[in-house]
Amino acid sequence: MCSPGEHPCGQPPKITVHSEKTDEHYEGCLIHHETGHLDGLVYTARMNIGVVQISVEEYRALAFA
């Protein structure tokens, strides 16, 4: 068991963000998204009930619609 602030591997928690966008809101969303993966969450776990999942190709096509 770890004490508060202690990491199981002996390393302190650290995140480095590299992004072409400089928008702080975007970076916050990116960090939130990635840390969700550390908790075992994927995007579909956050989807509202009843929302239909679409393929990546369909999603990308929406950007050009």
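1. Some vocabulary before the pockets: Ala, Val, Leu, Ile, Met, Phe, Trp, Tyr, Cys and Pro count as nonpolar, Asp, Glu, Lys and Arg as charged, and the others, Gly among them, as polar. Keep in mind that this is a predicted model, where local features need pLDDT of at least 70 and side-chain atom pairs count only at pLDDT 80 or more, while totals for chains, interfaces and linings use all residues. Residues are numbered from 1 along each chain as its sequence is written, and side-chain values use heavy atoms, with hydrogens and water left out.

2. On the overall fold, the protein chain has three helices and zero strands, which reads as α-α-α along the sequence. Helices (H or I, at least four residues) and strands (E, at least two) are DSSP runs, numbered from the N terminus.

3. Of the chain's 65 residues, 2% count as buried (under 20% relative accessible area; exposed is over 50%, partly exposed in between, with a 1.4 Å probe and protein chains only). The accessible surface is about 6,400 Å², and carbon and sulfur atoms own 57% of that (Shrake-Rupley method, 1.4 Å probe; for residues, only the protein chains shown count as cover).

4. Now the largest pocket, with a volume of about 260 Å³. A pocket here is an open set of points on a 1 Å grid over the protein atoms alone, where a 1.4 Å probe fits, with protein on both sides within 12 Å along at least five of seven lines; lining residues have an atom within 4 Å of a point. Grid points are joined across faces, edges and corners, and the volume is the space filled by probe spheres set on the points.

5. What lines the largest pocket? Tyr43, Thr44, Met47, Val52, Gln53, Ile54, Ser55, Val56, Tyr59 and Arg60 do. Helices H2 (43-46) and H3 (56-63) are the elements giving two or more residues, and H3 gives the most, with three. By type, the lining splits into six nonpolar, three polar and one charged.

6. The second largest pocket holds about 210 Å³. Its lining consists of Cys29, His32, His33, His37, Leu41, Val42, Tyr43 and Arg46. H1 (24-38) and H2 each supply at least two of these residues, with H1 giving the most, at four. The split is four nonpolar, three polar and one charged.

7. One residue to look at is Ile54, in the loop between H2 and H3. Ile54 is partly exposed, at 40% relative accessible area.
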